[in-house]
Amino acid sequence: MSTRVGFIGLGIMGRRMLTAMTAHDRFHVGGVWDPDPAQFAAATAAGLPVTAAGNAGDLIAAPTTDLVYIACPPAHHADYAQAAMTAGKAVWMSHGDTIQSAGDRTCITCSTEDVKFAGFAFEDEPTWGIQFHPEVYHS
C-alpha cells in the first residue's frame, strides 16, 4: 500500500522531499500546489512528477491525497494544517531552519552530509548544542 501525498509548497524544502518520496514505492505524489508559478516550473524542469492542483483547498480535499506535506512559509502552516486535519488528512510540516555559521569561539563537534553545523561547543565554556528535533522520528 502506498501513501498518496499532496505537497503544499514547491520551494527548496518541498522539492527536496518530493525528490526523496519519489524514490520510494510506499509514496505516491497525489498532487502539488504552490502560489508561485516559478516554483512549479522549477519542479517541472527538475523532472519531478508534478500534477498541479487549482489551490491548496483543492489539494487537501482531493481523494488522491492521504497525507498533506506542508513546505511553505511558516506564517501559513497553521491554516493549512488545520484545513487538512479538518478534512481527515494526515499532516507533515517542514521548514528549512539550519545554523548557517559558527562564531569564532565555537568548535564544530559533528556534521552530516546535509548539515554542516549539526553539533557545536564553545571553546571557553561548558556550553554545547545540537541541531535536532526530538518531536519527529526522522531527524
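This passage describes the fold, the two sheets, selected residues and one pocket of a predicted model.

The protein chain contains four helices and seven strands. Read from the N terminus, these elements follow the order β-α-β-α-α-β-α-β-β-β-β. The chain has 139 residues, of which 32% are buried. Among the contacts with a separation of 6 or more, 47% involve residues that lie 24 or more positions apart.

The description begins with the parallel sheet. Four strands make up this open sheet, arranged in the order β2-β1-β3-β4 with parallel pairing. Its edges are formed by β2 (residues 27-33) and β4 (residues 90-93), each of which pairs on one side only. From one strand to the next, the twist averages 25 degrees.

The pairing within this sheet can be followed strand by strand. Strands β1 and β2 run parallel and are joined by six bridges. Within this pair, Val-5 is placed opposite Val-29 of β2. Strand β2 is mostly covered, since five of its seven residues are buried. On the other edge, β3 and β4 also run parallel, and four bridges connect them. Here Ile-70 has Met-93 of β4 as its bridge partner. Helix α4, which spans residues 77-86, lies across β1 (residues 3-8), β2, β3 and β4. The angle at which helix α4 runs to β4 is about 160 degrees.

The antiparallel sheet is considered next. Three strands form this open sheet in the order β5-β6-β7, and their pairing is antiparallel. Strands β5 and β7 are the edge strands, each pairing on one side only. The twist in this sheet averages 20 degrees from one strand to the next.

Strand β5 (residues 106-110) is paired with β6 in the antiparallel sense over four bridges. In this pairing, the bridge partner of Cys-107 in β6 is Ala-121. Strand β6 is also joined to β7 (residues 128-130), again in an antiparallel arrangement, by three bridges. Ala-121 has Trp-128 as its bridge partner in β7, while Gly-119 stands opposite Ile-130 of that strand. Ala-121 thus has a bridge partner in β5, namely Cys-107, as well as one in β7, namely Trp-128. The connection from β6 to β7 is a hairpin that passes through five residues. The two faces of β6 (residues 119-122) can also be told apart: Gly-119 and Ala-121 belong to the covered face, whereas Phe-120 and Phe-122 belong to the uncovered one.

Two individual residues illustrate how burial is assigned. Thr-65 is found in the loop between α3 (residues 56-61) and β3 (residues 67-70). Thr-65 counts as buried because its relative accessibility is 2%, and the term buried applies to values under 20%. When neighbours within four places in sequence are left aside, Thr-65 is in contact with Arg-4, Gly-6, Leu-59, Ile-60 and Lys-89. Two of these partners, Leu-59 and Ile-60, fall within the range of helix α3, and Arg-4 and Gly-6 fall within the range of strand β1.

Asp-58, by comparison, is located in helix α3. Asp-58 has a relative accessible area of 43% and is therefore classed as partly exposed, a term for values between the 20% limit for buried residues and the 50% limit for exposed ones. Asp-58 and Gly-31 are separated by 27 residues in sequence, and the distance between their C-alpha atoms is 9.6 Å. Gly-31 lies within the range of strand β2.

Finally, the second largest pocket was examined. Its volume is about 160 Å³. The pocket is lined by 14 residues, and those closest to its centre are Gly-9, Asp-34, Pro-35, Cys-72 and Pro-73. By character, the lining of this pocket is divided into eight nonpolar, four polar and two charged residues. Among the residues closest to the centre, Pro-35, Cys-72 and Pro-73 belong to the nonpolar class, Asp-34 to the charged class and Gly-9 to the polar class.

Terms used. Residues numbered from 1 in each chain as written. Predicted model: local features only at pLDDT ≥ 70, side-chain atom pairs only at ≥ 80, totals over all residues. Heavy atoms only, no water. Buried < 20%, exposed > 50% of the residue type's maximum accessible area, 1.4 Å probe, protein only. Contact = heavy atoms within 4.5 Å. 1 Å grid on protein atoms, 1.4 Å probe; cavity = no way out; pocket = protein on both sides within 12 Å on 5 of 7 lines; lining within 4 Å. Points joined across faces, edges and corners; volume = space filled by probe spheres on them. Pairing = 2+ DSSP bridges. Axes fitted to C-alpha atoms, helices over the stretch in contact; angles between N-to-C directions.
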